[in-house]
Amino acid sequence: MRQEPKTVSGSSRGLRATQGAVLDVENLYLYFGATTGVVRAVDRVSFKLNHGRSLAIVGESGCGKTSLARAILRLLPRNVDTYKGRVLVDGNDVMKFSEERFRREVRWVKISMVTQAAMNSLNPVLKVGYQVAEPLLLDHRVGKGDAMERAREVFQTVGIPEAFLQRYAFELSGGMRQRAIIAMALVANPLIVILDEPTSALDTLTQANIMNALKKIKKDLRLTYIFITHDIATSSELADEVICMYAGQLVEHSKAERFYREPLHPYARMLMASVPTLRLDKKPEFISGQPPSLINPPQGCRFAERCPRRFERCQEEPPLFTHGDGLVKCWLYERD
Amino acid sequence: MSEIENMQDNVLLSIKDLRTWFELKRWGFLHAGSVRAVDGVSFDVKVGQAVTIVGESGSGKTTLLRTILGLARPTAGEITFNGRRIEGQKAHDLAWVRSQVGFVQQDPYGALAPFMNAGTILREPLIINKMGTDEQEHRVREVMDEVRLIPVEDFLSKFPHMLSGGQQQRLVIARAVILRPKLVVADEPVSMLDASVRVEILELMRKIQATHSLSVLYITHDLSSVRYFSERVFVMYAAKMVEKTEVNEVVHNPLHPYTQALLKAIPDPDPENADKFRDVPPGEPPNLINPPTGCHFHPRCTHKIKGLCDVEEPPEFEPSPGHFVECWLYK
């Protein structure tokens with residue numbers, strides 16, 4: 001399924017828009033081998049994401065958010081111990097694809113990613129415009145002229161003046177570099193863009209400007225975002241639904257309206273209560289203790305040790321219960 | 001006109017018209033220019049007061065802090081600590097100041113020597129200040145108990161990599177307060193920590209501050225996290241201190257257009273955010289080698305007065321008592 005130059009442009013999006021789940025992750029595992037044991041970074045995570053929705057993945061550092069994104073995009077380090085599960089992108093089980101086929105048909109073509117602090121990893125000796133067009137040129141999917149034309153198009157989409165195509169990374173401010181990285185993720189016209197902490201290295205005002213740009217892009221292109229962040233307040237800027245992760249597991253998957261107002265899982269509740277707010281006169285509270293080691297996680301619920309609402313049942317691992325339109329991994333919701 | 005007039009009531013640290021410029025590389029004898037990192041900043045910190053300096057990266061807040069700590073030389077201005085002038089002194093003459101000022105770094109892991117265990121790290125400042133061995137032991141235990149690194153016995157022999165981020169930051173705080181300083185300077189003390197731990201660390205600092213009537217100077221870019229842990233807020237933009245006021249005033253009644261923009265840019269968790277665009281000024285902070293004439297914010301300001309804001313630098317106005325702002329709108 002080679003991409004023709006013409007279908008690369010943004011206007012053809014309507015043709016590729018599919019109904020239903022654009023991404024369906026089922027029982028995904030990603031374990032790393034370390035000297036001290038096996039680190040269960042992503043431990044049986046399942047979720048579905050419909051076309052045009054944006055999903056925020058929140059959780060504290062080390063909870064497996066970035067590993068989950070990397071597992072979906074198959075960007076794995078060398079010390080992988082276990083990597084299994086089903087990942088359906090647009091209906092195709094991409095886990096069955098060979099590495100070469102995955103690279104040609106999925107990575108960047110269907111799912112692209114803005115990695116953490118990527119703005120500092122632009123090549124200093126190549127012009128920014130060329131770097132943005134590079135994903136199209138690499139597989140000779142597109143000729144050079146068309147690729148540069150497409151780069152010009154995405155520069156416009158993300159709000160960088162066209163003249164910057166000819167500039168080098170050092171000539172761009174932090175905000176502009178981040179926009180260039182986002183342009184790079186959009187250049188092959190993917191269905192899904194994974195944003196891993198896209199604004200955490202930026203200043204408050206620049207961050208707000210980038211979030212505005214991302215919102216506009218989402219509206220114009222009907223993109224599906226997966227937005228990974230530890231900053232809950234910022235996550236609410238983009239989220240239609242939220243996944244909360246704790247110690248490698250998905251503990252809650254809810255609609256944004258529920259998650260930011262009244263989350264289900266006790267951990268999610270305490271996490272929300274720990275977020276300092278500017279406008280509400282509510283003093284933030286902290287969660288005492290620490291997340292468990294991912295090498296030897298506890299048998300039952302992984303949050304039980306720190307949970308104020310634990311009971312005997314919590315010694316067993318809870319399944320995902322459905323509660324209203326949300327999913328929650330907690331025995332408190334067993335009845336529903 | 002300025003806070004300097006309140007000298008009589010317990011001012012611990014007083015900064016007056018401080019300028020720290022870094023000279024660019026000279027071309028022969030030609031002076032190429034300077035980066036004006038801090039340009040005419042004045043403020044006071046009272047005994048037992050917690051003060052926050054808010055600003056974006058590049059606004060000069062870290063340079064200001066380094067100048068106060070004697071790690072950068074001021075170009076002009078006065079720094080008075082505990083009644084004595086300390087600016088531009090040699091390291092040897094600053095020893096007494098350094099025993100009075102604790103420093104909490106941003107990245108706790110980077111601030112702790114990886115080859116020293118917690119006990120050694122905490123003993124180091126005591127050895128430098130020539131404290132007896134018995135007293136050292138006593139003080140180390142006391143301070144570890146205070147920052148809740150308990151049971152103390154377990155933590156004494158631990159190396160930094162064996163501690164969680166929150167515990168590392170507690171150790172850094174313990175080291176900062178072990179000499180019982182009068183002032184603690186904290187450079188983004190919680191920005192490297194997770195949300196659930198942040199509040200715990202800030203509460204700990206608040207408690208230590210209250211117990212020892214310590215003055216604390218926080219530097220941060222995230223106003224919402226320190227809002228409950230300090231009394232006064234100073235806002236910096238492009239090397240200038242544009243607004244100085246109480247915490248609640250800055251949240252509910254910001255005066256400077258930059259402060260207003262900053263507050264608009266900070267989101268609170270709310271599902272409705274996803275449907276709204278934030279009304280923030282475009283552009284970037286100015287280059288500090290050639291800052292704009294007049295007010296440094298005027299190129300991005302929506303309220304600018306032509307012929308005034310772009311020509312003349314605004315002095316400090318005091319529209320309401322204790323609320324200072326460098327903006328011509330409040331003339």
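Which residues does A:Ala183 touch, not counting residues up to four places away in sequence? I started there and found A:Val132, A:Val154, A:Phe155, A:Val158 and A:Ile160. Worth noting at the top of the page: this is a predicted model.

**Entry 1, the core.** I picked A:Ala183 since it turns up among the residues with the most contacts inside the largest nonpolar core. The others listed with it are A:Val187, A:Ile194, A:Ile226 and B:Ala174. That core has 194 residues.

**Entry 2, chain A overall.** I checked confidence next. Mean pLDDT for chain A comes out at 88, with 94% of the residues at 70 or more. The weak spot I noted is residues 1–18, where pLDDT is below 50. Beyond near neighbours in sequence, that stretch still has 26 contacts in the model.

I then looked up the secondary structure and got 11 helices and 12 strands in chain A. The radius of gyration is 20 Å, close to the 20 Å from the globule rule for 336 residues, so chain A is as compact as a globular protein of that length. Along the principal axes, the C-alpha trace spans about 65 × 50 × 40 Å. Buried residues account for 49% of the 336. I also asked about sequence separation: of the chain A contacts between residues at least 6 apart, 65% join residues at least 24 apart.

**Entry 3, β9 in chain A.** Is strand β9(A) enclosed or open? All 6 of the 6 residues in 241–246 are buried, so the rest of the structure largely encloses the strand. I sorted the side chains by direction: A:Glu241, A:Ile243 and A:Met245 go one way, A:Val242, A:Cys244 and A:Tyr246 the other.

For its pairing, I found β3(A), residues 54–58, running parallel to β9(A) over 4 bridges. One of the partner pairs there is A:Ala56 with A:Val242. β10(A), residues 249–255, pairs antiparallel with β9(A) over 6 bridges, and A:Met245 is bridged to A:Leu250. The β9(A)–β10(A) hairpin has 2 residues between the strands, and A:Ala247 takes a positive phi near 50° there.

**Entry 4, β9 in chain B.** I went through β9(B), residues 232–237, in the same order. Here 6 of the 6 residues are buried, so this strand is largely enclosed by the rest of the structure. B:Arg232, B:Phe234 and B:Met236 point one way, while B:Val233, B:Val235 and B:Tyr237 point the other. I noted that B:Arg232 is among the buried ones, and that it stands opposite B:Glu246 in β10(B).

β3(B), residues 50–54, runs parallel to β9(B) with 4 bridges, B:Val54 being partnered with B:Val235. On the antiparallel side I got 6 bridges to β10(B), residues 240–246. In that hairpin, with 2 residues between the strands, B:Ala238 has a positive phi near 45°.

**Entry 5, α1 in chain B.** Helix α1(B), residues 61–68, is mostly covered, with 7 of its 8 residues buried. B:Lys61 is one of the buried residues, as are B:Leu64 and B:Ile68. After the helix comes B:Gly70, with a positive phi near 80°.

**Entry 6, where the chains meet.** How many residues of chain B are in contact with chain A? I got 34, against 42 residues of chain A. On the chain B side, α8 (195–211), α9 (223–226) and α11 (257–265) each supply at least two residues. The largest share, 5 residues, is from α8(B). By type, the chain B side splits into 19 nonpolar, 7 polar and 8 charged.

Conventions. Residues are numbered from 1 along each chain as its sequence is written. Chains are lettered from A and ligands numbered from 1 in the order in which they are written. A residue is buried if 20 or more other C-beta atoms lie within 10 Å of its own, exposed if 12 or fewer, and partly exposed in between; C-beta atoms are placed from the backbone. A nonpolar core is a set of buried Ala, Val, Leu, Ile, Met, Phe, Trp, Tyr and Cys residues joined through C-beta atoms within 7 Å. Two residues are in contact if their C-beta atoms, placed from the backbone, lie within 7 Å. pLDDT is the predictor's confidence in each residue, from 0 to 100. Ala, Val, Leu, Ile, Met, Phe, Trp, Tyr, Cys and Pro count as nonpolar, Asp, Glu, Lys and Arg as charged, and the others, Gly among them, as polar. Two strands pair if DSSP finds at least two bridges between them. The radius of gyration is taken over C-alpha atoms; the globule rule is 2.2 Å times the number of residues to the power 0.38.
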